[in-house]
Amino acid sequence: MTIVYFVLIFGVIVLAHEFGHYLLAKRGGIHVVEFAIGMGPKLCGFHRNGTDYVIRLLPIGGACMFEGEDGLNEEEGGPSENSFNSAPVWTRISSVLAGPLFNFILAFLLGVILVGFGGSDRPVILGLMEGYPAEAAGIEPGDEIISMNGEKIHVSREILLNTYLNGENPMALEYKRDGQVYTTQIMPKYDEETGRYLIGFKGYGEYVEAKGLDLFRYGYYEVRYSLKSTLKSLLMLVQGKASTKDLAGPVGIAQIIDEVAEEATPYGPMALVLNLCNIALLLSVNLGVLNLLPLPALDGGRLVFLVIEAIRGKPIPAEREGMVHFAGFVALMVLMVFVMYNDLVRLFS
């Protein structure tokens, strides 16, 4: 069943991403040569209106291949008026940008489903640890955290994220009590048992039932939290505060799905579905963010070349751009092997 859940989650996320490319390309008159879900050998497919629709063996990626992209898939006799490079530059930019954008749209829809069936959590303090800074600062159970170090807080999980990443640095808190807003400055205290700096919140999170327009507001908060955690994690990786061993690839994600499914199944089918939706939301946001990074072979790398073309008024030679993307693709494959090795070591240990 883990394999089934994995294929379903990745299939939906990749389908949304590639459909974004496909839809905007078609609307812009760009010829889509192949629309593929999965990587590796072809399992099945069909041809319609000049496009091959294909399902491939490995459910860890996909492709929406345009005629003439990187000088490939060109019709006989050279590129036609419907090739990728023949389209206006802003049409090409929208076609490339649509993939990550559709991942964020999918994440938002999943967020709405999650809060519609499971509600959300307001950042309300439930208890305090004795002898810790929050108690000394006068914070009381029932107070609602509004912001931390100037960052707005909408769901209680953001409290954990911000305190974990803040470390030993001073924390500026803004909170609400009986409609009145208060501010305070807190210096975290090191806790020997957990091995990290704590503010002193013993518990937080008040259930809120989302109805009507609140569905969309709290659905947005779910996406915002996932986006925030993804960006902060990438920043920690760049700054050296996180190890490359913390990266997870397909094997690691499958392991997480297996653990979550095992924990959720005893609580019924709805709990299982909501937990899998939560994983899909986070992965969809991750895929959207990673594809927007300005790295060769990713959508972000292609956008860099297209924006340069829009500024200078003429494209960079396709051969040079193709070489850069090919080098980036090779680097990504090396990274994938490294991450998969980490996954396997983590799995068998």
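Me: Which residues have the most contacts inside the largest nonpolar core?

Reply: Ile9, Ile257 and Leu283 do, in a core of 25 residues. The helices α1 (2-27), α2 (89-118), α6 (250-264) and α7 (269-292) each supply at least two of its residues. α7 gives the most, with 10. This is a predicted model, in which local features need pLDDT of at least 70 and side-chain atom pairs pLDDT 80 or more, while totals for chains, interfaces and linings use all residues. Residues are numbered from 1 along each chain as its sequence is written, and side-chain values use heavy atoms, without hydrogens and water.

Me: What makes a set of residues a nonpolar core?

Reply: Its members are buried Ala, Val, Leu, Ile, Met, Phe, Trp, Tyr and Cys residues, joined through side-chain atoms within 4.5 Å. Buried means under 20% relative accessible area; exposed is over 50%, and partly exposed lies in between (1.4 Å probe, protein chains only). Helices and strands are DSSP runs numbered from the N terminus (H or I, at least four residues; E, at least two).

Me: With which residues is Leu283 in contact, leaving aside its neighbours within four places in sequence?

Reply: Ile9, Phe10, Ile13 and Ile253. Contact means heavy atoms within 4.5 Å. Apart from this core lies another, of 17 residues, among them Phe66, Ala87, Val89 and Val96.

Me: Why does Tyr341 count as exposed?

Reply: Its relative accessibility is 54%, and the cut-off for exposed is over 50%. So Tyr341 counts as exposed. Tyr341 lies in helix α9 (residues 318-348).

Me: How do you know that the side chains of Arg177 and Glu140 meet in a salt bridge?

Reply: A salt bridge needs a side-chain nitrogen of Lys or Arg within 4 Å of a carboxyl oxygen of Asp or Glu. Arg177 and Glu140 give 3.8 Å, N to O, so the pair qualifies. The pair links distant parts of the chain, 37 residues apart: Arg177 is in strand β6 (residues 171-177), Glu140 in the loop between α3 (133-136) and β4 (144-148). Glu140 is partly exposed, at 40%.

Me: What makes Lys211 exposed?

Reply: Its relative accessible area is 55%, against a cut-off of over 50%. Its side chain meets that of Glu209 in a salt bridge (3.6 Å, N to O).

Me: Why is Arg217 called partly exposed?

Reply: At 37%, Arg217 falls between the limits for buried and exposed. Asp214, at 29%, is partly exposed too. The two side chains meet in a salt bridge (3.0 Å, N to O). Both residues lie in helix α5, 3 residues apart, about one turn of the helix. Salt bridges that share partners also join Glu151, Glu158, Arg224, Lys228 and Lys232 into one network. The whole structure has 14 salt bridges.

Me: What makes the second largest pocket a pocket rather than a cavity?

Reply: On a 1 Å grid over the protein atoms alone, a cavity is a set of points where a 1.4 Å probe fits but cannot get out; a pocket is an open set with protein on both sides within 12 Å along at least five of seven lines. Lining residues have an atom within 4 Å of a point. This pocket has 18 of them, with Tyr164, Leu165, Asn166, Gly167 and Met236 nearest its centre. α4 gives the most to the lining, with 6 residues.
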